[in-house]
Amino acid sequence: MAAFFSFSSSLLPPSKPFFSSSPLNSQSIPFRKTPFLSPTTPLAALTSTAEAPPAIATFWEWLSERGVISGKTPVRPGMGAEGLGLVARRDIGRNEVVLEVPKKLWINPESVAGSEIGGICGGLKPWISVALFLIREKSKKERSDLKAYLDVLPETTDSTIFWSEKELVELQGTQLLSTTTGVKQYLQREFQRVEEEILEPNSQLFPSPVTLEDFTWAFGILRSRAFSRLRGENLVLIPLADLVNHSPDITTEDYAYEIKGGGLFSRDLLFSLRSPVSVKAGEQVLIQYDLNKSNAELALDYGFIESKADRNVYTLTLQISESDQFAGDKLDIAETNGLGETAEFDIILGYPLPAKLLPYLRLVALGGTDAFLLESIFSNTIWGHLELPVSRANEELVCRVVRDACKTALSGYQTTIEEDEKLMEGEGLSARLGIAVGVRAGEKKVLQQIDEFFKQREEELDEIEYYQERRLKDLGLVGEQGDIIFWE
């Protein structure tokens, strides 16, 4: 029998838009940056704006001239282990507002609409219009009002979209590699379309030719720095606020930022950033980017990963085959229960399997003498039956196919978990190699966890109670010892 499902090799289908009129994606929050400073710059180098590189000092002056910061502002730019961020100038209390940025400094689709290129960006996806705006402002050099801000933006990050082919080899076998490849292909397709329809016919609006590298840079900036899920704002860059770094130790679900009214009669909107925890003077103000992102998503969006086990996720993609003679009936059942012809399940290291995974597996594998459950008489109850083992043949097929898929997936990696862990224990790992090793080790651990679950399931097949036995019990036809009762 052909395999009735596959393990997804990507976290997001390459064809799925990465930005739309909705938030960047369902889990996007701000960004983690790679400091624009060189790796040789000491972490303690930025102890005040007076000691900061010229770009930071100029940026701080630019903010001061626009009334965003003053001598009373409780934070300043500074360096810490997390990189360039916001450092407390005094002790800051939990949930205390640390800065407010007026709407006039925000960069969003509305800003683009009011700019010189607004007329040619009206029909574009919001993220593309903002990307083109960033590229144009950056190419204007001295003439851009945003120069001070643009000069502090990094030229690259450790996001996997910026990795070289040699660096990407370290991700061989991972879902992150396939996702990264899909993103890069998506960017190339979008750029080609924009180049033909927007850039070439309106070249006079751009000081210099726009390249795919420029387009990728802007995408990376938005992916890592844009705020979303704000009142009326699905995609917005907030200068200064986007310096705030991420902390894995902050586990609150509450967002540390919001849009609120300011000024007379609250007519002016402000982006307000709070510290979710108390901070001592000299420490960085940090927030939680998103508790739900996997390490692969963190690596793709921000260019870092965490050591927490539950950040390691592997996505299983299951599908009802079109060639299945019961495909129509199975699809109806799946859709009735909130699933579809294809269903993705995120398996998290150290966590139980998703509740709907086993029922869906049993549904896809259903056939032979078990197909009677697909009859209309069971339409309202079949999912309840699928939540429990259907038959030995069905459960055995599920276990065998899942385990075979796990072995196939594990064979695609170049290293073992033990080899990866030895690398992580050593010294001298570059940031990007550390990400690659951490992601591939995490994926393999999840695959082993899945395999171990179904291996144990296989060993218990003779002890499991199946549908027919449960049905006989319901009818009172099975005795206390499991023997079938006969009578005339």
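Of the 488 residues in the chain, 51% are buried, as computed from a predicted model. The accessible surface of the chain amounts to about 23,200 Å², and carbon and sulfur atoms contribute 50% of that area. The secondary structure consists of 16 helices and ten strands. Among the contacts in the chain with a separation of 6 or more, 73% are accounted for by residues that lie 24 or more positions apart.

Charged side chains were examined next. Side chains of opposite charge can pair when their charged atoms come close. In the whole structure, 32 salt bridges are found, and several of them are described here with their positions in the helices.

One of these salt bridges is formed by the side chains of Arg-362 and Glu-395, with an N to O distance of 2.9 Å. Because Arg-362 belongs to helix α11 (residues 357-365) and Glu-395 to helix α13 (residues 392-410), this pair ties together parts that are 33 residues apart in sequence. Arg-362 and Glu-395 are both buried.

Helix α13 also contributes Arg-403, whose side chain meets that of Glu-458 in a salt bridge, again described by an N to O distance of 2.9 Å. This pair links distant parts of the chain, since Glu-458 is located in helix α15 (residues 431-459), 55 residues from Arg-403. The two partners can be described separately in terms of exposure: Arg-403 has a relative accessibility of 14% and therefore counts as buried, a class that requires a value under 20%. Glu-458, with a relative accessibility of 27%, counts as partly exposed.

Helix α15 takes part in a further salt bridge through Lys-444, which pairs with Asp-420 such that the closest N and O atoms are 2.6 Å apart. Asp-420 is placed in helix α14 (residues 417-425), and the pair, with its members 24 residues apart, likewise links distant parts of the chain. Lys-444 has a relative accessible area of 3% and is therefore buried, while Asp-420, at 0% relative accessibility, also counts as buried. In addition to these pairs, Glu-116, Arg-136, Glu-137 and Lys-140 are joined into one network by salt bridges that share partners.

Attention then turned to annotated positions. According to an unreviewed UniProt entry, the feature "binding site" is placed at Arg-225, Arg-229, Asp-242, Tyr-257, Tyr-289 and Tyr-302. Among these, Asp-242, Tyr-257 and Tyr-302 are considered here in their structural setting.

Asp-242 is found in the loop between α8 (212-225) and β5 (245-246). Although this residue is placed in a loop, its relative accessibility is 1%, so Asp-242 counts as buried. The side chain of Asp-242 is joined to that of Tyr-149 by a polar contact of 2.5 Å.

Tyr-257, another position carrying the UniProt annotation, is located in strand β6 (residues 257-262). With a relative accessible area of 5%, Tyr-257 is buried. Tyr-302, also listed in that entry, occupies the loop between α9 (295-301) and β9 (313-319), and its relative accessibility of 0% means that Tyr-302 counts as buried. Thus, in the predicted model, the annotated residues Asp-242, Tyr-257 and Tyr-302 are each assigned to the buried class, with Asp-242 and Tyr-302 placed in loops and Tyr-257 in a strand.

Definitions and conventions
Residues numbered from 1 in each chain as written. Predicted model: local features only at pLDDT ≥ 70, side-chain atom pairs only at ≥ 80, totals over all residues. Heavy atoms only, no water. Helix = DSSP H or I, 4+ residues; strand = E, 2+ residues; numbered from the N terminus. Buried < 20%, exposed > 50% of the residue type's maximum accessible area, 1.4 Å probe, protein only. Contact = heavy atoms within 4.5 Å. Areas by Shrake-Rupley, 256 points an atom, 1.4 Å probe, with all protein chains shown as cover. Polar contact = N/O pair within 3.5 Å; in protein donor to acceptor, adjacent residues only side chain to side chain. Salt bridge = Lys/Arg side-chain N within 4 Å of Asp/Glu carboxyl O. UniProt positions renumbered as here; feature names shortened; annotations may be inferred.
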